[in-house]
Amino acid sequence: QTFFLYYVHDVVRYRSDPQGAVAYLAIVGQCAGALTCYPVGLISDGNSAAFFPRWSGRRRPFVYGACAVLAAGNLALLMCTELSQVAAVCAILGGANGVYLTMDTSLAVDTLPSSSSSSSSSVDKGRDGK
(Lines give C-alpha, C1' and ligand atoms only; values in the text may rest on other atoms or scores of the structure.)
Protein backbone atom coordinates (compact mmCIF):
# COMPACT_ATOMS: atom_id res chain seq x y z
CA GLN A 1 0.00 0.00 0.00
CA THR A 2 2.98 2.29 0.28
CA PHE A 3 3.34 2.61 -3.48
CA PHE A 4 -0.42 2.90 -3.88
CA LEU A 5 -0.20 6.06 -1.77
CA TYR A 6 2.17 7.56 -4.35
CA TYR A 7 -0.14 6.38 -7.13
CA VAL A 8 -3.15 8.09 -5.57
CA HIS A 9 -1.18 11.25 -4.83
CA ASP A 10 0.88 11.60 -8.02
CA VAL A 11 -1.02 9.79 -10.78
CA VAL A 12 -4.64 10.27 -9.75
CA ARG A 13 -3.72 13.64 -8.23
CA TYR A 14 -5.90 13.21 -5.18
CA ARG A 15 -4.01 15.51 -2.84
CA SER A 16 -6.50 16.48 -0.14
CA ASP A 17 -6.19 13.23 1.89
CA PRO A 18 -4.27 10.50 0.02
CA GLN A 19 -3.79 8.35 3.15
CA GLY A 20 -7.53 8.33 3.77
CA ALA A 21 -8.16 7.54 0.12
CA VAL A 22 -5.80 4.56 0.23
CA ALA A 23 -7.52 3.28 3.38
CA TYR A 24 -10.91 3.71 1.69
CA LEU A 25 -9.71 1.83 -1.39
CA ALA A 26 -8.31 -1.00 0.76
CA ILE A 27 -11.66 -1.33 2.53
CA VAL A 28 -13.50 -1.37 -0.81
CA GLY A 29 -11.24 -4.14 -2.10
CA GLN A 30 -11.50 -6.24 1.05
CA CYS A 31 -15.29 -5.93 1.17
CA ALA A 32 -15.57 -6.96 -2.48
CA GLY A 33 -13.35 -9.96 -1.80
CA ALA A 34 -15.47 -10.94 1.18
CA LEU A 35 -18.61 -10.77 -0.95
CA THR A 36 -17.23 -13.06 -3.65
CA CYS A 37 -15.46 -15.73 -1.62
CA TYR A 38 -18.45 -17.57 -0.15
CA PRO A 39 -20.61 -17.93 -3.29
CA VAL A 40 -17.64 -18.92 -5.43
CA GLY A 41 -16.60 -21.50 -2.83
CA LEU A 42 -20.07 -23.04 -2.91
CA ILE A 43 -20.10 -23.16 -6.71
CA SER A 44 -16.63 -24.69 -6.98
CA ASP A 45 -17.37 -27.29 -4.29
CA GLY A 46 -20.30 -28.55 -6.32
CA ASN A 47 -23.00 -27.57 -3.84
CA SER A 48 -24.89 -25.58 -6.44
CA ALA A 49 -24.99 -28.02 -9.34
CA ALA A 50 -28.65 -27.24 -10.00
CA PHE A 51 -27.89 -23.57 -10.66
CA PHE A 52 -24.42 -23.77 -12.23
CA PRO A 53 -24.03 -27.28 -13.71
CA ARG A 54 -21.11 -26.41 -15.96
CA TRP A 55 -19.01 -24.75 -13.23
CA SER A 56 -19.97 -27.02 -10.35
CA GLY A 57 -17.12 -28.99 -8.81
CA ARG A 58 -14.42 -27.31 -10.87
CA ARG A 59 -11.68 -25.02 -9.61
CA ARG A 60 -9.43 -24.39 -12.59
CA PRO A 61 -11.81 -22.04 -14.47
CA PHE A 62 -12.11 -19.88 -11.37
CA VAL A 63 -8.35 -19.64 -10.95
CA TYR A 64 -7.81 -18.74 -14.60
CA GLY A 65 -10.70 -16.28 -14.58
CA ALA A 66 -9.49 -14.58 -11.39
CA CYS A 67 -5.96 -14.25 -12.77
CA ALA A 68 -7.27 -12.74 -16.01
CA VAL A 69 -9.42 -10.23 -14.13
CA LEU A 70 -6.52 -9.34 -11.82
CA ALA A 71 -4.24 -8.73 -14.80
CA ALA A 72 -6.84 -6.66 -16.63
CA GLY A 73 -7.64 -4.71 -13.47
CA ASN A 74 -4.02 -3.80 -12.91
CA LEU A 75 -3.81 -2.59 -16.49
CA ALA A 76 -7.05 -0.65 -16.01
CA LEU A 77 -5.44 1.25 -13.13
CA LEU A 78 -3.17 2.83 -15.72
CA MET A 79 -6.19 4.51 -17.32
CA CYS A 80 -7.80 5.85 -14.14
CA THR A 81 -7.80 9.62 -13.65
CA GLU A 82 -10.31 10.01 -10.81
CA LEU A 83 -10.68 8.41 -7.41
CA SER A 84 -14.12 7.04 -8.27
CA GLN A 85 -12.61 5.15 -11.21
CA VAL A 86 -9.88 3.77 -8.99
CA ALA A 87 -12.50 2.69 -6.43
CA ALA A 88 -14.44 0.81 -9.11
CA VAL A 89 -11.30 -0.95 -10.31
CA CYS A 90 -10.31 -1.74 -6.71
CA ALA A 91 -13.73 -3.32 -6.16
CA ILE A 92 -13.21 -5.50 -9.22
CA LEU A 93 -9.67 -6.38 -8.13
CA GLY A 94 -10.88 -7.17 -4.63
CA GLY A 95 -13.58 -9.46 -5.94
CA ALA A 96 -11.12 -11.28 -8.18
CA ASN A 97 -8.68 -11.56 -5.29
CA GLY A 98 -11.45 -13.09 -3.17
CA VAL A 99 -12.09 -15.67 -5.88
CA TYR A 100 -8.40 -16.49 -6.19
CA LEU A 101 -7.80 -16.80 -2.46
CA THR A 102 -10.89 -18.99 -2.09
CA MET A 103 -9.61 -21.34 -4.77
CA ASP A 104 -6.14 -21.31 -3.22
CA THR A 105 -7.55 -22.34 0.16
CA SER A 106 -9.89 -24.90 -1.42
CA LEU A 107 -7.07 -26.55 -3.33
CA ALA A 108 -4.96 -26.69 -0.17
CA VAL A 109 -7.81 -28.30 1.77
CA ASP A 110 -8.39 -30.80 -1.06
CA THR A 111 -4.84 -32.10 -0.61
CA LEU A 112 -5.33 -32.89 3.09
CA PRO A 113 -6.03 -36.52 3.98
CA SER A 114 -9.59 -37.41 4.90
CA SER A 115 -10.40 -37.97 8.55
CA SER A 116 -10.87 -41.75 8.05
CA SER A 117 -7.48 -42.22 6.40
CA SER A 118 -5.63 -40.04 8.89
CA SER A 119 -6.81 -42.09 11.89
CA SER A 120 -5.03 -45.19 10.63
CA SER A 121 -1.84 -43.53 9.49
CA SER A 122 1.51 -44.47 10.97
CA VAL A 123 2.08 -40.88 12.06
CA ASP A 124 -0.67 -41.13 14.68
CA LYS A 125 0.47 -44.50 16.03
CA GLY A 126 4.05 -43.70 16.81
CA ARG A 127 7.20 -45.71 16.08
CA ASP A 128 6.13 -49.10 17.37
CA GLY A 129 2.67 -49.02 15.72
CA LYS A 130 0.67 -48.90 18.98
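Hi everyone. A quick word on terms before the tour: helices here are DSSP runs of H or I with at least four residues, numbered from the N terminus. With that in hand, the elements of this protein run α-α-α-α-α-α from the N terminus on. That comes to six helices and zero strands. Please keep in mind that this is a predicted model.

Some overall figures, then. The protein has 130 residues, and buried ones make up 30% of them. If you take contacts between residues at least 6 apart in sequence, 54% join residues at least 24 apart.

Let me spend most of my time on helix H2, residues 18-45. Does its length fit? Well, what should 28 residues span at 1.5 Å a residue? The expected figure is 40 Å, and the end C-alpha atoms of H2 are 40 Å apart, so the two agree. There is a bend along the way, of about 25° at Cys37, and a proline, Pro39, follows within four residues. After the helix comes Gly46, with a positive phi near 95°.

Which residues of H2 are buried? Among them are Pro18, Ala21, Val22, Leu25 and Val28, then Gly29, Ala32 and Gly33, and further along Val40, Gly41, Ile43 and Ser44. The cover over the buried residues of H2 includes helix H1 (2-11), helix H3 (60-76) and helix H4 (83-110). Let's visit those partners.

Start with H4. In general, two packed helices are described by the angle between their axes and the distance between the axes. For H2 and H4, the axes come within 6 Å and cross at roughly 35°, and the crossing is right-handed. On the H2 side, the contact includes Ala21, Tyr24, Leu25, Val28, Gly29, Ala32 and Gly33. On the H4 side, the residues include Ala87, Cys90, Ala91, Gly94, Gly95 and Gly98.

Now H1. Its axis and that of H2 come within 9 Å and cross at roughly 120°, and this crossing is right-handed too. Phe4, Leu5, Val8 and His9 of H1 meet Pro18, Gln19, Ala21, Val22 and Leu25 of H2.

While we're in H1, there is one aromatic pair in the structure. The ring centres of Phe4 and Tyr7 lie 5.4 Å apart with the planes at 25°, and since planes under 30 degrees apart count as stacked, this pair is stacked. Phe4 and Tyr7 are three residues apart in helix H1, so about one helical turn separates them. As background, an α-helix has 3.6 residues a turn, so residues three or four places apart point the same way. Buried or exposed, you may ask? Tyr7 has 14% relative accessibility and counts as buried, whereas Phe4, at 21%, counts as partly exposed.

On to H3. Its 17 residues should span 24 Å at 1.5 Å a residue, and the end C-alpha atoms are 24 Å apart, which agrees. Pro61, Phe62, Val63, Ala66 and Gly73 are buried in H3, and the buried residues of H3 pack against H2 and H4.

I'll finish on one residue, Val89, which sits in helix H4. Its relative accessibility is 12%, so Val89 counts as buried. Leaving aside residues up to four places away in sequence, what does Val89 touch? The answer is Gly73, Ala76, Leu77 and Cys80. Val89 and Leu25 are 64 residues apart in sequence, with their C-alpha atoms 9.5 Å apart in space. Thanks for listening!

Note on methods: Residues are numbered from 1 along each chain as its sequence is written. This is a predicted model: local features need pLDDT of at least 70, side-chain atom pairs count only at pLDDT 80 or more; totals for chains, interfaces and linings use all residues. Side-chain values use heavy atoms; hydrogens and water are left out. Helices (H or I, at least four residues) and strands (E, at least two) are DSSP runs, numbered from the N terminus. The expected span of a helix is 1.5 Å times one less than its number of residues. The bend at a residue is the angle between axes fitted to the seven residues ending there and the seven starting there. Buried means under 20% relative accessible area, exposed over 50%, partly exposed in between (1.4 Å probe, protein chains only). Contact means heavy atoms within 4.5 Å. Rings of Phe, Tyr and Trp (its six-membered ring) pair if their centres lie within 6.5 Å; planes under 30 degrees apart count as stacked, over 60 as edge-to-face and the rest as tilted. Axes are lines fitted to C-alpha atoms, for helices over the stretch in contact, and angles run from 0 to 180 degrees between N-to-C directions. A crossing is left-handed if the near helix is turned anticlockwise from the far one by less than a right angle, and right-handed if clockwise.
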